[in-house]
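Thanks for sharing this one. Here are a few notes from a read through the model, offered in a friendly spirit.

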Amino acid sequence: MFGKNDRTERQQTPHHPTPGTLMVDADQRVGEFRGEAYGFWFLRPVTGGKEWSVAPEDVQPASPEQRLHAETARANARSRGELL
(Lines give C-alpha, C1' and ligand atoms only; values in the text may rest on other atoms or scores of the structure.)
Protein backbone atom coordinates (compact mmCIF):
# COMPACT_ATOMS: atom_id res chain seq x y z
CA MET A 1 0.00 0.00 0.00
CA PHE A 2 1.33 3.43 -0.93
CA GLY A 3 0.82 6.45 1.28
CA LYS A 4 2.48 9.49 2.78
CA ASN A 5 4.86 7.38 4.82
CA ASP A 6 5.94 5.21 1.91
CA ARG A 7 9.72 5.34 1.53
CA THR A 8 9.52 6.08 -2.21
CA GLU A 9 7.47 9.23 -1.62
CA ARG A 10 9.67 10.77 1.09
CA GLN A 11 12.36 13.14 0.02
CA GLN A 12 15.86 12.03 0.89
CA THR A 13 17.89 14.44 3.01
CA PRO A 14 21.09 15.35 1.17
CA HIS A 15 24.34 14.29 2.85
CA HIS A 16 26.52 16.99 4.38
CA PRO A 17 29.32 18.21 2.14
CA THR A 18 32.79 18.63 3.57
CA PRO A 19 33.31 22.09 5.11
CA GLY A 20 34.86 24.36 2.49
CA THR A 21 33.06 22.68 -0.43
CA LEU A 22 31.80 25.27 -2.90
CA MET A 23 28.03 25.13 -3.24
CA VAL A 24 25.43 27.12 -5.20
CA ASP A 25 22.07 28.16 -3.76
CA ALA A 26 18.77 28.69 -5.56
CA ASP A 27 19.72 32.35 -6.23
CA GLN A 28 22.94 31.18 -7.95
CA ARG A 29 25.12 32.54 -5.12
CA VAL A 30 28.31 30.54 -4.66
CA GLY A 31 29.53 29.97 -1.14
CA GLU A 32 31.64 27.66 0.99
CA PHE A 33 29.72 25.10 3.00
CA ARG A 34 30.35 25.91 6.67
CA GLY A 35 28.02 23.58 8.55
CA GLU A 36 24.46 22.66 9.49
CA ALA A 37 22.15 23.72 12.30
CA TYR A 38 18.42 23.32 12.86
CA GLY A 39 17.90 21.73 9.45
CA PHE A 40 19.59 24.52 7.50
CA TRP A 41 22.98 24.61 5.83
CA PHE A 42 25.22 27.64 6.17
CA LEU A 43 27.26 29.05 3.31
CA ARG A 44 29.84 31.81 3.42
CA PRO A 45 30.89 34.02 0.50
CA VAL A 46 34.25 32.94 -0.90
CA THR A 47 35.58 36.50 -0.60
CA GLY A 48 34.55 36.72 3.05
CA GLY A 49 31.51 38.17 4.67
CA LYS A 50 28.42 37.09 6.51
CA GLU A 51 27.17 33.51 6.27
CA TRP A 52 23.66 32.83 5.03
CA SER A 53 21.36 29.89 5.63
CA VAL A 54 19.74 27.73 2.97
CA ALA A 55 17.52 24.68 2.91
CA PRO A 56 19.58 21.63 1.91
CA GLU A 57 17.25 20.84 -0.99
CA ASP A 58 17.95 24.32 -2.46
CA VAL A 59 21.71 23.79 -2.74
CA GLN A 60 23.86 21.93 -5.24
CA PRO A 61 27.61 21.55 -5.75
CA ALA A 62 29.21 24.32 -7.79
CA SER A 63 29.99 23.49 -11.41
CA PRO A 64 33.62 23.59 -12.59
CA GLU A 65 32.95 27.00 -14.17
CA GLN A 66 31.39 28.36 -10.96
CA ARG A 67 34.30 26.99 -8.89
CA LEU A 68 36.84 28.64 -11.20
CA HIS A 69 35.01 31.97 -11.02
CA ALA A 70 34.78 31.78 -7.20
CA GLU A 71 38.43 30.78 -6.78
CA THR A 72 39.51 33.65 -9.07
CA ALA A 73 37.42 36.10 -7.04
CA ARG A 74 39.02 34.78 -3.84
CA ALA A 75 42.55 35.13 -5.30
CA ASN A 76 41.81 38.68 -6.47
CA ALA A 77 40.41 39.64 -3.05
CA ARG A 78 43.48 38.16 -1.37
CA SER A 79 45.82 40.11 -3.70
CA ARG A 80 43.98 43.33 -2.79
CA GLY A 81 44.47 42.54 0.91
CA GLU A 82 40.77 41.95 1.52
CA LEU A 83 41.36 38.38 2.80
CA LEU A 84 43.81 37.11 5.33
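The points below deal with one helix, one glutamate and the contact that links them.

1. A word first on the source: this is a predicted model, so please read each point with that in mind.

2. Helix H1 covers residues 64–79, and its length checks out nicely. At 1.5 Å a residue, its 16 residues should span 22 Å, and the end C-alpha atoms do lie 22 Å apart.

3. Which residues of H1 are buried? They are Gln-66, Ala-70, Arg-74 and Ala-77. Viewed down the axis of H1, these buried residues fall within an arc of 70°, so they line one face of the helix. The general rule is helpful here: an α-helix has 3.6 residues a turn, so residues three or four places apart point the same way.

4. The buried residues of H1 pack against three strands: E1 (22–24), E2 and E5 (60–61). On the face turned away from that buried side sit the exposed residues Pro-64, Glu-65, Leu-68, His-69 and Ser-79.

5. Glu-32 deserves a look too. It belongs to strand E2, residues 30–37, and counts as buried because its relative accessible area is 10%, where the cut-off is under 20%.

6. What does the side chain of Glu-32 meet? It makes a polar contact with the side chain of Arg-74, at 2.5 Å. Arg-74 is itself one of the buried residues of H1. Beyond four places in sequence, the contacts of Glu-32 also include Gly-20, Thr-21, Leu-22, Phe-42 and Val-46.

7. Lastly, just after H1, Gly-81 adopts a positive phi of about 80°.

Definitions and conventions. Residues numbered from 1 in each chain as written. Heavy atoms only, no water. Helix = DSSP H or I, 4+ residues; strand = E, 2+ residues; numbered from the N terminus. Buried < 20%, exposed > 50% of the residue type's maximum accessible area, 1.4 Å probe, protein only. Polar contact = N/O pair within 3.5 Å; in protein donor to acceptor, adjacent residues only side chain to side chain. Contact = heavy atoms within 4.5 Å. Expected span 1.5 Å × (residues − 1). Arc of directions from axis to C-beta.
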